[in-house]
Amino acid sequence: MTQILNIIGGGMAGSEAAWQAANAGLQVIMHEMRPKVETFAHRTGHLGEMVCSNSFRSDDHEQNAVGLLHWEMLQADGLIMKTAYKHRLPAGGALAVDRDPFAQSVTAALTAHPNIRIVYDEVTTLPDDGHWIIATGPLTSGALADAIKAETGAEALAFFDAIAPIVYHDSIDMDVAWMQSRYDKGATEAERTAYLNCPMTKDQYEAFIDALLAADKTAFKEGETAGYFDGCLPIEVMAERGRETLRFGPMKPVGLTNAHQPDQKPYAVVQLRRDNALGTLFNIVGFQTKMKYAAQKSVFKMIPGLQDAEFARLGGIHRNTFLNAPTLLDDQMRLRSRPNIRFAGQITGVEGYVESAAMGLLAGRMAVAELTGRALPPVPNTTAMGALVTHITGGADAKTFQPMNVNFGLFPPLEGVKSGRRGRKERYKAYTDRAKIDWSAWLEQMLLDAA
Ligand SMILES: Cc1cc2nc3c(=O)[nH]c(=O)nc-3n(C[C@H](O)[C@H](O)[C@H](O)COP(=O)(O)OP(=O)(O)OC[C@H]3O[C@@H](n4cnc5c(N)ncnc54)[C@H](O)[C@@H]3O)c2cc1C
């Protein structure tokens with residue numbers, strides 16, 4: 001008997017998952033609540049609607065991790081990418097699209113597919129049986145979010161992301177910064193040196209506060225802030241409350257001795273904490289912000305030690321429903337407590353249209369393998385797909401988990417290539433070359449298994 005796969009949500013992830021599963025012969029039932037139930041960001045009833053920017057970001061598959069993800073999805077017959085190229089607009093190196101024709105094409109392709117039935121209705125409870133993918137995105141409806149929360153516990157489902165900027169470790173000047181936990185706390189050497197510290201003099205601190213206050217900021221959307229301010233404040237809001245607030249908050253200098261200048265007490269200290277098991281990424285602790293991206297780059301580069309910082313992602317605070325995926329999902333993106341339910345898309349803790357579609361592609365293929373009784377070869381973590389899914393289902397620190405864009409810091413380092421800014425071009429090319437070989441081999445293996 002043909003297996004049935006139910007998918008909740010027809011956005012980037014749900015549409016891609018449906019396409020992959022239906023093409024592999026599963027019968028797919030998609031449940032999409034729009035246009036009956038609306039969100040504050042969507043405008044149409046189309047599947048695959050882009051809620052804000054019309055860009056899938058860089059299309060450079062040799063030098064950019066998101067461009068590589070485009071490439072990998074195209075190799076896997078990805079609907080979102082194929083359709084994006086069909087509706088491409090001139091945008092330099094970015095893949096920008098004509099958004100309405102794009103979403104209309106995605107809708108038409110899924111509607112016309114003989115193996116897909118689309119039900120336009122809101123799902124409000126967690127299904128008890130059958131095979132399901134939940135891909136309801138950052139604006140998952142309230143009733144379903146409550147049902148998920150009842151299953152996972154409130155602390156494992158977030159309604160806002162508060163993203164601190166993430167810096168590539170090899171772009172930090174360690175002649176200025178040093179590793180030390182406050183008061184050298186910790187049972188092991190690794191714990192006693194868990195934080196990376198950047199010291200500031202009084203003048204540097206005052207200039208930093210001035211820059212924070214003057215920086216360009218993004219406003220919250222109407223209805224977006226409910227329930228947020230009791231959580232974590234943006235650093236610029238802390239600075240507005242008083243020039244010393246940060247020095248008594250995330251930038252307090254106590255319990256730390258500058259390893260390079262032990263006699264000079266820093267006036268303030270910015271701390272960074274390891275963000276992934278590989279140790280290639282560090283987040284700036286407590287620095288969630290609504291500053292615009294260009295402003296963030298110039299303000300954060302004022303921090304001594306970060307003058308040449310390269311950012312794997314910049315900070316932000318948004319309405320965003322997402323799971324603590326490292327604790328809740330297994331490596332097949334299934335809910336550990338209910339393995340008949342997979343999650344896909346932004347709700348799994350990835351960030352962005354491309355990353356969400358990518359996780360839809362994988363979830364769709366994982367469901368096909370499971371429902372047809374085949375073992376899926378592990379997705380190589382040397383590919384953009386594999387690096388991302390490995391991060392959310394285990395590589396990330398569950399305690400500080402926040403949504404993640406794809407970036408080269410998630411990839412296992414390569415032996416024999418130059419680190420630092422000077423070796424970057426050669427290093428990124430080596431990462432993408434390796435990824436292309438491994439992704440092609442993975443797809444080939446799936447074809448052989450299916451034959
Ligand atoms: C305001 C805002 C602006 C953003 N801007 C950008 C940007 O510029 N660039 C970028 O790359 N990313 C942006 N993002 C992130 C973006 O939402 C995601 O990257 C992407 O759309 C997520 O894909 P998804 O498939 O996980 O969710 P979505 O694309 O949102 O799809 C989820 C679908 O599930 C449906 N749904 C929800 N609950 C239910 C239910 N109970 N039953 C049935 N259907 C349901 C929704 O109607 C929706 O169609 C933005 C997010 C928000 C909230």
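**Exercise 1. Find how strand S2 and strand S6 pair, and place them in their sheet.**

Step 1. Strand S2 (residues 27-31) runs parallel to S6, and the two pair over four bridges. Two strands count as paired if DSSP finds at least two bridges between them. Strands are DSSP runs of E with at least two residues, helices are runs of H or I with at least four residues, and both are numbered from the N terminus.

Step 2. Within this pair, Met30 lies opposite Ile118 of S6.

Step 3. The structure is a predicted model, in which local features need pLDDT of at least 70 and side-chain atom pairs count only at pLDDT 80 or more, while totals for chains, interfaces and linings use all residues. Residue numbers start from 1 along each chain as its sequence is written.

Step 4. The order S6-S2-S1-S7-S17-S16 describes an open sheet of six strands with mixed pairing. At its edges are strand S6 (116-119) and strand S16 (334-335), each of which pairs on one side only.

**Exercise 2. State which strands H1 and H11 touch when they pack on this sheet.**

Step 1. H1 touches strand S1 (4-8), S2, S6 and strand S7 (131-134), and its direction makes about 165° with that of S2. Contact here requires C-beta atoms, placed from the backbone, within 7 Å. Axes are lines fitted to C-alpha atoms, for helices over the stretch in contact, and angles run from 0 to 180 degrees between N-to-C directions.

Step 2. H11 touches S1, S7 and strand S17 (338-343), and the direction of H11 makes about 170° with that of S7.

**Exercise 3. Describe how H11 and H12 pack against each other.**

Step 1. Helix H11 (residues 353-371) meets H12 at an angle of about 90°, and their axes are 10 Å apart.

Step 2. The two helices are therefore roughly perpendicular, a term for angles of 65 to 115 degrees.

Step 3. H11 contributes Glu355, Ala358, Met359 and Leu362 to the contact, and H12 contributes Met385, Leu388 and Val389.

Step 4. By class, this contact has six nonpolar, no polar and one charged residues. Ala, Val, Leu, Ile, Met, Phe, Trp, Tyr, Cys and Pro count as nonpolar, Asp, Glu, Lys and Arg as charged, and the others, Gly among them, as polar.

**Exercise 4. List what surrounds the ligand.**

Step 1. There are 34 residues around the ligand, and Gly9, Gly11, Cys52, Gly137 and Gly345 come nearest. A residue is near a molecule if its C-beta atom, placed from the backbone, lies within 6 Å of it.

Step 2. Helix H1 (12-23) and H11 are the elements that give two or more residues to this shell. H1 gives the most, with three residues.

Step 3. The shell divides into 14 nonpolar, 16 polar and four charged residues.

**Exercise 5. Set out the two domains and the side of domain 1 that touches domain 2.**

Step 1. Domain 1 covers 4-162 + 319-450 and domain 2 covers 166-314; the bounds come from an automatic or database domain assignment.

Step 2. The domain centres, taken over C-alpha atoms, are separated by 31 Å. In the contact, 18 residues of domain 1 meet 20 residues of domain 2.

Step 3. Strand S8 (157-163) and helix H12 (384-395) are the elements that give two or more residues to the domain 1 side. S8 gives the most, with three residues.

Step 4. By class, that side has eight nonpolar, seven polar and three charged residues.

Definitions and conventions: Contact = placed C-beta atoms within 7 Å. Parallel < 35°, antiparallel > 145°, perpendicular 65-115°, else oblique.
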